[in-house]
Amino acid sequence: ACAEARAALGPDAVVGVSVQTAAQALAAQEAGADYLGAGAVFGTPTKTDAVVTGVDGLSVICAAVTIPVVAIGGLNARTLPALAGSGADGAAVVSALFAADDIEDTARHLRAVVREVLGA
C-alpha cells in the first residue's frame, strides 16, 4: 500500500502506484503517491491478465488527479500516438524494447514518438 511505503521510505522517496481507475488514482494521490502508472492502456504480452483501461480510461484517470500519470501497457511506436490528448505525462514501454533487434535505436525512436505525442 502507498501509505505503508511512504511511512517506511520517508518523505524524500519517490513512490509510484499502479492504477486502473480514477477512484484508485485519487486514493493513491491522497495516500501520498508521487506519480501513477495507469493502465494497461492496451493489451500487453508481459501481463496477459492485466485489466485494459483503454485511452478513455487513461484520460479519466489523468483528469482526476494532479500528480503525474505515466501510461503503461501495450505501448509501442504504433500505439503511442493514441495517447495524444489523454493528459498522460509519460509512457512506459517494455515489450517494444525487448522485442527489438536494435534496442538502442528503438529506444531513441520511441523517445522521439513520446516527445511528439505527449510533449514529454
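Residues are called buried when their relative accessible area is under 20%, exposed when it is over 50%, and partly exposed in between (1.4 Å probe, protein chains only). The structure is a predicted model, in which local features need pLDDT of at least 70 and side-chain atom pairs count only at pLDDT 80 or more, while totals for chains, interfaces and linings use all residues. Numbering runs from 1 along each chain as its sequence is written, and side-chain values use heavy atoms, with hydrogens and water left out.

A good place to begin is helix H3, which spans residues 54-64 and holds the buried residues Gly 54, Leu 58, Ile 61 and Cys 62 (helices are DSSP runs of H or I with at least four residues, strands are E runs of at least two, and both are numbered from the N terminus). These four lie on the same side of H3 because they cover an arc of only 125° around the axis, the arc being that of the directions from the helix axis to the C-beta atoms. On the other side of H3, Asp 56, Val 60 and Ala 63 are exposed. The buried residues of H3 pack against E1, helix H2 (22-30), E2 and E3, where contact means heavy atoms within 4.5 Å.

Helix H1 (residues 2-9) offers a charged example, as Arg and Lys, with Asp and Glu, count as charged: Arg 6 is found in this helix. With a relative accessibility of 16%, Arg 6 counts as buried. Beyond its neighbours within four places in sequence, Arg 6 is in contact with Pro 11, Ala 13, Val 15, Gly 32 and Asp 34.
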